[in-house]
Amino acid sequence: MPLNITILGSGTSTGVPVLGCSCGVCKSKDPKNERWRASIAVRHNNGHTVVVDTGPEFRLQLLRANISTLQHVIYTHLHADHCHGFDDLRGLYFSSEKPITCWLHPTLIPELKQRFHYAFEDTGYLGGRPDIRLLPFPQEHGTTTIADMEIETFLAPHGNAFTNVLRFGRFAYATDFKTLSDANIKAWRGKIHTMVASGLRWRSHKTHSSIDETLEIFKRLDVERGIITHLNHEIDFEVDSRKLPSHVELAFDGLEFVVPE
Ligand SMILES: [Zn+2]
Ligand SMILES: [Zn+2]
Ligand SMILES: [Zn+2]
């Protein structure tokens with residue numbers, strides 16, 4: 001299945017520019033240095049679209065990518081930069097009147113329901129309740145069919161949390177992880193054509209993989225094309241792109257590409 005991928009957002013939790021910061025990247029005129037919170041859209045030639053994560057700019061991201069209907073959402077984890085655009089699913093539901101299904105790790109379902117309780121209970125408010133269904137990924141590792149696509153997931157550590165790493169055929173998306181386990185790397189080695197993975201910055205970080213650590217993962221997985229996302233304001237698109245190997249690039253908002261079958 002050839003997939004069309006759009007980077008809806010390539011930024012870390014603060015977004016770039018960072019509020020109150022006057023560094024060169026935050027003041028840059030290069031649109032590739034403006035980063036909304038990390039998210040992607042995966043469009044299948046069967047007509048279905050799956051969005052991974054709904055950060056604070058979710059509504060703007062859908063408008064910019066020309067996505068007017070959406071029925072399938074995946075959450076990698078529930079940090080604010082990945083799910084606080086959840087409320088915009090209401091608007092999507094009210095215009096399409098089609099149920100929206102969200103997949104996430106089973107232990108996170110009660111937490112999402114608690115944060116957005118008004119979307120799941122009758123509040124008596126006239127606007128009514130959207131039809132949003134929460135469905136669980138496998139506990140540790142497994143395959144789920146979403147919008148006629150087989151998606152394999154496993155967990156990766158992210159500080160005291162974890163994140164669901166995803167593989168859609170020959171495309172993989174991994175954001176907000178510190179490492180991927182040796183066993184998981186071995187299982188996916190040679191299976192991935194294109195991988196979008198978070199890299200944050202060059203300096204190491206306690207809960208995120210650095211760019212060097214992500215480059216090592218691309219190498220061990222033997223990906224043909226690696227794209228680094230979830231970048232902070234230490235990364236200047238033009239300057240830092242030059243430091244990468246030829247098959248690796250930095251993500252930027254609006255980047256679109258096709259992953260061959
Ligand atoms: Zn994040
Ligand atoms: Zn800055
Ligand atoms: Zn996170």
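Q: How much of this chain is buried, and what kind of model am I looking at?
A: Of the 261 residues of the protein chain, 41% count as buried. Keep in mind that this is a predicted model. A residue counts as buried if 20 or more other C-beta atoms lie within 10 Å of its own.

Q: How do I judge whether the overall size fits a compact globule?
A: Compare the radius of gyration with the value expected for the chain length. A compact globule of 261 residues would come near 18 Å, and the protein chain has 18 Å, so the two agree. The C-alpha trace spans about 55 × 45 × 35 Å along its principal axes.

Q: What share of the contacts comes from residues far apart in sequence?
A: Take the contacts with a separation of 6 or more: residues 24 or more positions apart account for 63% of them.

Q: Which secondary structure elements should I look for?
A: The protein chain has seven helices and 14 strands. Let's take the sheets in turn.

Q: What is the strand order in the sheet that contains β1?
A: That open sheet has seven strands in the order β6-β5-β4-β3-β2-β1-β14, and its pairing is mixed. At the edges are β6 (132-136) and β14 (256-259), each pairing on one side only. On average, neighbouring strands are turned by 25 degrees against each other, direction ignored. For a close-up, look at β2 (residues 39-44) and β3 (residues 49-52): they run antiparallel and are joined by four bridges. A41 has V51 as its bridge partner in β3.

Q: How do I find the face of a helix that points inward?
A: Start from the geometry: an α-helix has 3.6 residues a turn, so residues three or four places apart point the same way. Now try α3, where L89, L92 and Y93 are buried. Seen down the helix axis, the buried residues of α3 fall within an arc of 100 degrees, so they line one face. F94 and S95, on the other side of α3, are exposed.

Q: What covers the buried residues of α3?
A: The cover includes β4, β5 and β6. Helix α3 (residues 88-96) lies across β4 (72-74), β5 (100-104) and β6, and runs at about 145 degrees to β5. After α3 comes E97, with a positive phi near 55 degrees.

Q: What is the strand order in the sheet that contains β7?
A: This open sheet also has mixed pairing, with seven strands in the order β7-β8-β9-β10-β11-β12-β13. β7 (141-146) and β13 are the edge strands; each has a single partner strand, so one side of each lacks a neighbour in the sheet. Here the average turn between neighbouring strands is 20 degrees, direction ignored. Inside the sheet, β10 (residues 171-174) and β11 run parallel, joined by four bridges.

Q: Which residues of α6 are buried, and what do they pack against?
A: In α6 (residues 211-221), the buried residues are I211, T214, F218 and L221. They fall within an arc of 90 degrees seen down the axis, so they line one face of the helix. They pack against α5 (182-188), β11 (194-198), β12 (225-229) and β13 (248-250). The helix α6 lies across β11, β12 and β13, at about 155 degrees to β11. D222 follows α6 and has a positive phi, near 60 degrees.

Q: Which residues have the most contacts inside the largest nonpolar core?
A: That core has 63 residues, and those with the most contacts inside it are I40, L166, A172, A174, M195 and I228. Take A172 as an example: M195 is its bridge partner in β11. Leaving out residues up to four places away in sequence, A172 touches L166, R167, W188, I192 and M195.

Conventions. Residues are numbered from 1 along each chain as its sequence is written. Chains are lettered from A and ligands numbered from 1 in the order in which they are written. This is a predicted model: local features need pLDDT of at least 70, side-chain atom pairs count only at pLDDT 80 or more; totals for chains, interfaces and linings use all residues. Two strands pair if DSSP finds at least two bridges between them. Helices (H or I, at least four residues) and strands (E, at least two) are DSSP runs, numbered from the N terminus. Axes are lines fitted to C-alpha atoms, for helices over the stretch in contact, and angles run from 0 to 180 degrees between N-to-C directions. Two residues are in contact if their C-beta atoms, placed from the backbone, lie within 7 Å. The radius of gyration is taken over C-alpha atoms; the globule rule is 2.2 Å times the number of residues to the power 0.38. A residue is buried if 20 or more other C-beta atoms lie within 10 Å of its own, exposed if 12 or fewer, and partly exposed in between; C-beta atoms are placed from the backbone. The arc is that of the directions from the helix axis to the C-beta atoms. A nonpolar core is a set of buried Ala, Val, Leu, Ile, Met, Phe, Trp, Tyr and Cys residues joined through C-beta atoms within 7 Å.
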